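Work through the exercises below with the sequence and the model at hand. Each task is followed by a solution in steps.

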Amino acid sequence: MLKSPFESAESTLLITQYVKENYPNAIVYPIQGNHEFSPMNLQDLSEENNIVIDMISNVWRDWMAPDVYEQFRKKSYYDNLASNHPKATEELKSKMEGTRIIAMNLQSCYFFNFYLFSELGDELHELEWLERTFREMEIKGEKAIVIAHIPPGSEDCMESFSQRYQALMDRFQNVVRTSLFGHVHSEFFNI
C-alpha cells in the first residue's frame, strides 16, 4: 500500500500544534529533518515545489518573517536575523542584535536520501549559498548560529559534503558562533 506523502509529517504537525497551544510566546526557528518525508529519509531535491515543505512551511509560518517564509518554501532552507523573528521581544532583539540564524536542509548530504545518488554534490546549491551568506555577514560584522538536523561529519552525512562544510566552518570561524544539530539521539560536543 502506498503511503500518503504527508503521513510522516503528521507528527511534525502535531508537535507544532502542541507548542503553539502550550507555549504561545515561544520563539522557534524551525528546520525539517529526515522524518518529515514519506517514504522516510527521501526528499527529491530536484523538485521545484515539494508538497511536504509547502505543508510544514504553512504551519511554521507564524515563526517566520514573510521573506523568510518565502525563502524556506522555495529552497527548503533559510537565513534570518534572530531579532526579526515575529515573536521577538525587546530583550531578545537586544541580546541577538547582529546574529543570524542559518537553517540548513541537510537532506542534501544524508546518506540514506537515495535521490542523491543520481547527482552527488550540492544539489540544492546550499554550500554556495552558505559561503555567500557568510561572506556578506563577515562584511556586515554579523554572527551566525547554524541549525540543521543531520550533522555534517557524522557517518550519515556524505563525506564530500562534510569536507566542504568543514572548510567553510574553518574559513568563517570568526562568523559562526555555534552549530546545533539533531538526528543522532545523543548529546555531544565538537570543539
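**Exercise 1. Determine how H1 and H2 are oriented relative to each other.**

Solution. The model is a predicted one. Helix H1 covers residues 10-22 and helix H2 covers residues 51-60. Their axes come within 10 Å and cross at roughly 5°. Angles under 35 degrees count as roughly parallel. H1 and H2 are therefore roughly parallel to each other.

Next, take the residues that make the contact. H1 contributes Thr12, Leu13, Thr16 and Lys20, while H2 contributes Met55, Ile56, Val59 and Trp60. Sorted by type, the contact of H1 with H2 has five nonpolar residues, two polar and one charged.

**Exercise 2. Repeat the analysis for H5 and H6, and sort the residues of their contact by type.**

Solution. The axes of H5 and H6 are 11 Å apart, and the packing angle is about 5°. With that angle, H5 is roughly parallel to H6.

On the H5 side, the contact is made by Leu127, Leu130, Glu131, Phe134, Arg135 and Glu138. On the H6 side, Phe161, Arg164, Tyr165, Leu168, Met169 and Arg171 take part. The contact of H5 with H6 divides into seven nonpolar residues, five charged and no polar.

**Exercise 3. Classify the aromatic pair of Tyr77 and Trp129, and place both residues in the chain.**

Solution. The structure holds five aromatic pairs. For Tyr77 and Trp129, the ring centres are 4.6 Å apart and the planes make an angle of 55°. Planes under 30 degrees apart count as stacked and those over 60 as edge-to-face, so an angle between these limits is tilted. The pair of Tyr77 and Trp129 is tilted.

Tyr77 lies in the loop between helix H3 (66-75) and strand E1 (78-81), and Trp129 lies in helix H5 (residues 126-140). The two are 52 residues apart, and their pair links distant parts of the chain. Both Tyr77 and Trp129 are buried.

**Exercise 4. Do the same for Phe134 and Phe172, and decide whether each is buried or exposed.**

Solution. The centres of the two rings are 5.4 Å apart, with 45° between the planes, and the pair of Phe134 and Phe172 is tilted. Phe134 belongs to helix H5, whereas Phe172 is in the loop between helix H6 (159-171) and strand E4 (176-181). The separation is 38 residues, and this pair too links distant parts of the chain.

For burial, the cut-off is under 20% relative accessible area. Phe134 has a value of 0% and is therefore buried. Phe172 is buried as well, with a relative accessible area of 0%.

**Exercise 5. Find which aromatic residues form a cluster with Trp60, and which charged residues lie over the rings of Trp63 and Tyr69.**

Solution. Trp60, Phe72 and Tyr78 form one aromatic cluster. The charged end of Lys20 sits over the ring of Trp63, at 5.5 Å from its centre. Over the face of Tyr69 lies Arg61, 3.9 Å from the ring centre.

**Exercise 6. Locate Ser76, and state the sign of its phi and its burial.**

Solution. Ser76 is in the loop between H3 and E1. Most residues other than glycine have a negative phi. Phi of Ser76 is near 70°, a positive value in a residue other than glycine. The relative accessible area of Ser76 is 4%, so Ser76 is buried.

Technical notes. Residues numbered from 1 in each chain as written. Predicted model: local features only at pLDDT ≥ 70, side-chain atom pairs only at ≥ 80, totals over all residues. Heavy atoms only, no water. Phe/Tyr/Trp six-rings, centres within 6.5 Å; stacked < 30°, edge-to-face > 60°. Helix = DSSP H or I, 4+ residues; strand = E, 2+ residues; numbered from the N terminus. Buried < 20%, exposed > 50% of the residue type's maximum accessible area, 1.4 Å probe, protein only. Lys NZ or Arg CZ within 6 Å of the ring centre and 35° of its normal. Axes fitted to C-alpha atoms, helices over the stretch in contact; angles between N-to-C directions. Parallel < 35°, antiparallel > 145°, perpendicular 65-115°, else oblique. Contact = heavy atoms within 4.5 Å. Nonpolar A, V, L, I, M, F, W, Y, C, P; charged D, E, K, R; others polar.
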